[in-house]
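Dear colleague,

I am passing on the structure we talked about, and I would be grateful if you could keep it open while you read the notes that follow. They go through the salt bridges, the helix packing and a few single residues.

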Amino acid sequence: MANILDPKIEHLLRRAGFGARQDELDLYRAESFQGALTRLLEFERIPDTTDSKITASGYVLTRSTGQFLPNSVITDARQRWLFRMVHTDRPLQEKMALFWHNHFATGYTKIAGIVGTAEATRYMASVPSEDPAGVMGQIELFRQYALGNFRDLLVAVAKDTAMLFWLDGYTNTRTRPQENFGREIMELFTMGVGHYTEPDVYAAARVFSGWNLTRPGSATDGTQHYQFIYNASQHETTEKTFSFPIYKDGGKTIPARAAADGIQDGLDLIEALAANPETPRYLGKKLYRFFVSETGDVPESFLSNVSDAYFRSRYEMKAVMRAIFESPEFGDRNNIFTRFGWPVEFLVRAIKDIGWSGFILADALTPLSNMGQNLFDPPDVAGWDLGRSWFSTGSMLARMNFASQLAGNQKFNLAAAARTSSSSPEVLLAFVLDALKTPALDATVTDSLLSYLRATGAWTGSTAQLQAKVPGLIHLVAGTPEYQFV
């Protein structure tokens, strides 16, 4: 369950990760805030061995209809990502992958409709070392660039197979420029609404004409796959003029180029977007809402701080994230528990808080969907509706039902863990509230929880009573509005 930890580090672990397992509590208890932050940011120093623990004893379980194939079966891919979120020793890497997944929202369902379910899963989730052709799925790309250079990430996303299917870049040709990616790279990925014009969209479509797909490899050995190709014969070669600067001298026109050199058009535009002063402000607002708070306005001082870190480091996200976590806004006590937990955050945090022995992640997929989130399948290019939008009568019921399902699954372990805190209902409640950290509960809520513990007669703290009451108490606490905040 839980032990005492510096509240500032608890806050950091909820925001930069998904809460903390017992072994993480033990590890971070010995750290200062700066030590904990450095450990989270410098995750490359920690071996990435999480996948090797799938099927090992002592870890949450997975289940598949046949062989476990997370590179080609979407339900297996979803279980693998949940497994990583629960058991990784590099939580910020997975948290950033989740952030980028929503920022560059790409949906499995549309891609599956084009290339089939196995190929769609491959382009969303494949691990290169496990793929016959070394295909890197989009989520693996986000893990690789989790705290990397934002400009380089933009280039990689522009060439990503899943993205080329999702925003129809594979159909972008010289005679029929496709505008989807050109629009979204400005509106959703970099500068934001209000900082480009409709003529810019058409110019951007022409810039990326010829950024298509090819299909090398052999079907016989499994190496056949789609991958990016710059198709010079399909690139529109005339000059493209924008309403914002493209070059350092203020020039707004990408010059006409020979088709063979036309890929530079896209690289020039991406560099310009990365260098645009509106980009770190747009990113900063999204990062503030995800890592700091969803209440109130985003302070101008915060955006200035993010922009300074972004440009000083030449677009390195590690520097940006350090600036965020060291900011006065992140450390402000008023910003603790001011983010509405996404369904996957609620689910993973609950597993870490409550336990996982014998629990199967396949049994979490339908509850997660009922809460409003299918990993690898955001509803549209704008991503999921966030904040209060996560909560409806049905989705809240799904959260409560999952808490009940998980607590019931763990009832014997929970009762054993609570044994030393069984002397009275008050002591037991304090134990559970310490394990499932929430903002302070109203006295009427705690009175109701104590009434639940006393409802069946005299309190004895017996094993049978603990096995009956502790799972129910945890279900009630995890179902409170307060537990939905991270």
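A residue is called partly exposed here when its relative accessible area falls between the limits for buried, under 20%, and exposed, over 50%. R63 has a relative accessible area of 40% and is therefore partly exposed. Please bear in mind throughout that this is a predicted model.

**Salt bridges**

R63 is a good place to begin, since its side chain meets that of D363 in a salt bridge, with 2.7 Å from N to O. This pair links distant parts of the chain, for D363 sits in helix α19 (residues 362-371) while R63 belongs to the loop between α3 (33-41) and α4 (74-87), and the two are 300 residues apart. D363, like its partner, counts as partly exposed, and its relative accessibility is 29%.

A second pair to look at is E10 and K437, whose side chains form a salt bridge of 3.4 Å, again taken from N to O. E10 lies in helix α1 (residues 7-16) and K437 in the loop between α22 (425-435) and α23 (443-454), so this bridge ties together parts that are 427 residues apart in sequence. E10 has a relative accessible area of 13%, and because the limit for buried is under 20%, E10 is counted as buried.

The side chains of D26 and R29 also meet in a salt bridge, at 3.2 Å from N to O. D26 has a relative accessibility of 40% and counts as partly exposed, and R29, with a relative accessible area of 35%, is partly exposed as well.

Beyond these pairs, you will find a network of salt bridges that links D48, D51, R84, R90, E94, E140 and R143. The count for the whole model comes to 36 salt bridges.

**A buried charge without a partner**

What is the nearest side chain of opposite charge to E482? It is that of R349, which is 10 Å away, and E482 accordingly has no salt bridge although it is buried. E482 lies in the segment after α24 (463-478), and once its neighbours within four places in sequence are left aside, its contacts are T438, P439, A440 and L441.

**Helix packing**

The axes of α23 and α24 come within 10 Å and cross at roughly 160°, and since angles over 145 degrees count as roughly antiparallel, that is how α23 stands to α24. The crossing of α23 past α24 is right-handed, and the contact is made by L449, Y452 and L453 on the α23 side and by A468, K469, G472, L473, L476 and V477 on the α24 side.

Helix α15 (residues 300-312) and helix α16 (residues 317-325) have axes that come within 8 Å and cross at roughly 150°, which makes these two helices roughly antiparallel to each other. Here too α15 passes α16 in a right-handed crossing, with F302, N305, V306, A309 and Y310 of α15 in contact with A319, V320, A323 and I324 of α16.

How, then, do α4 and helix α18 (residues 343-354) pack, and at what angle? Their axes are 9 Å apart and the angle is about 55°, which makes α4 oblique to α18. The crossing of α4 and α18 is right-handed, and in it L82, M85 and V86 of α4 meet V344, L347, V348, I351 and K352 of α18.

**Two loop residues**

M191 is found in the loop between α11 (180-187) and α12 (198-207), and with a relative accessibility of 2% it counts as buried. Not counting residues up to four places away in sequence, M191 touches M186, Y196, F244, L273, N276, E278, T279 and Y282. From M191 to Q224 the distance is 37 Å, C-alpha to C-alpha, and the two are 33 residues apart in sequence.

S423, in the loop between α21 (411-417) and α22, counts as exposed, its relative accessibility being 61%. S423 and R281 are 53 Å apart in space, C-alpha to C-alpha, and 142 residues apart in sequence.

With best wishes

Technical notes:
Residues are numbered from 1 along each chain as its sequence is written. This is a predicted model: local features need pLDDT of at least 70, side-chain atom pairs count only at pLDDT 80 or more; totals for chains, interfaces and linings use all residues. Side-chain values use heavy atoms; hydrogens and water are left out. Helices (H or I, at least four residues) and strands (E, at least two) are DSSP runs, numbered from the N terminus. Buried means under 20% relative accessible area, exposed over 50%, partly exposed in between (1.4 Å probe, protein chains only). Lys and Arg count as positive and Asp and Glu as negative; His and the chain ends are not counted. A salt bridge is a side-chain nitrogen of Lys or Arg within 4 Å of a carboxyl oxygen of Asp or Glu. Contact means heavy atoms within 4.5 Å. Axes are lines fitted to C-alpha atoms, for helices over the stretch in contact, and angles run from 0 to 180 degrees between N-to-C directions. Angles under 35 degrees count as roughly parallel, over 145 as roughly antiparallel, 65 to 115 as roughly perpendicular and the rest as oblique. A crossing is left-handed if the near helix is turned anticlockwise from the far one by less than a right angle, and right-handed if clockwise.
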